[in-house]
Amino acid sequence: VQLQASGGGLVQAGGSLKLSCAASGRTFRTYTVAWFRQAPGKEREFVAGMPKTGGDTYYTDSVKARFTVSRDYARNTMYLQMNSLNARDTAVYYCAARGGITVRTGNYDFWGQGTQVTVSS
């Protein structure tokens, strides 16, 4: 599956952005999907995800109650709605997919190209 992330940009602290990740090649339904981010000088970290079995959502603690991950099977697209953004959210955001079920751990097989999110304080 090929992944194409979009929606990043520059936003003021407290603002919102919605990232999209469009999949082609195979339906998202057969994959566990997730968003990761990498800030300058830091390791890539898990942000949010959903198992291929659907329903449940998982978040890293720092984004709970602010970010929402979702996917639209008809559009073969996943989203990350980000609210109440702050400077610590500044990073390159990547979407990813894997055939396994676990969301937070495990190797992700497919990655989008990344989209830059910059939050100004």
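Which side chains of strand β1 (residues 2-6) are buried, and which are not? The legends below refer to a predicted model.

**Figure 1. Alternation of side chains along strand β1.** L3 and A5 point to one face and are buried, whereas Q2, Q4 and S6 point to the other face and are not. In a regular strand, side chains alternate between the two faces of the sheet. Strand β1 pairs with strand β3 (residues 17-24) in the antiparallel sense, over five bridges. Within this pairing, Q2 has S24 as its bridge partner in β3, and Q4 has A22.

**Figure 2. The open sheet of four strands that contains β1 and β3.** The strand order is β1-β3-β8-β7, and the pairing is antiparallel. Because β1 and β7 each have a single partner strand, they stand at the edges, and one side of each is left without a neighbour in the sheet. From one strand to the next, the twist averages 15°.

**Figure 3. The disulfide between C21 and C95.** A search of the whole structure finds one disulfide. The S to S distance in the link of C21 to C95 is 2.1 Å, and the link is right-handed, with 65° about the S-S bond. The pair connects distant parts of the chain: C21 belongs to strand β3 and C95 to strand β9, 74 residues apart. A disulfide is a covalent bond between the sulfur atoms of two cysteines. C21 counts as buried because its relative accessibility is 0%, and C95 likewise counts as buried at 0% relative accessibility.

**Figure 4. Strand β9 (residues 91-98) and its pairing partners.** Strand β9 is mostly covered, with seven of its eight residues buried. Strand β4 (residues 32-38) pairs with β9 in the antiparallel sense over seven bridges; in this pairing, F36 has Y94 of β9 as its bridge partner. Strand β11 (residues 115-120) also pairs with β9 in the antiparallel sense, over three bridges, and Y93 stands opposite T115 of β11. Strand β10 (residues 110-111) forms two bridges with β9, again in the antiparallel sense. The bridge partner of A97 in β10 is F110.

**Figure 5. The surroundings of R66 in the loop between β6 and β7.** This loop precedes β7, which spans residues 67-72. With a relative accessible area of 15%, R66 falls under the 20% limit and is therefore buried. Leaving out residues up to four places away in sequence, R66 touches Q81, M82, N83, S84, L85, N86 and D89.

**Figure 6. D56 in the loop between β5 and β6.** The strands bordering this loop are β5 (45-50) and β6 (58-59). D56 has a relative accessibility of 45% and so counts as partly exposed. When neighbours within four places in sequence are set aside, D56 is in contact with G49, M50 and P51. The C-alpha atoms of D56 and S121 are separated by 33 Å, and these two residues lie 65 residues apart along the chain.

Methods: Residues are numbered from 1 along each chain as its sequence is written. This is a predicted model: local features need pLDDT of at least 70, side-chain atom pairs count only at pLDDT 80 or more; totals for chains, interfaces and linings use all residues. Side-chain values use heavy atoms; hydrogens and water are left out. Buried means under 20% relative accessible area, exposed over 50%, partly exposed in between (1.4 Å probe, protein chains only). Two strands pair if DSSP finds at least two bridges between them. Contact means heavy atoms within 4.5 Å. A disulfide is a pair of cysteine sulfur atoms within 2.5 Å. Axes are lines fitted to C-alpha atoms, for helices over the stretch in contact, and angles run from 0 to 180 degrees between N-to-C directions.
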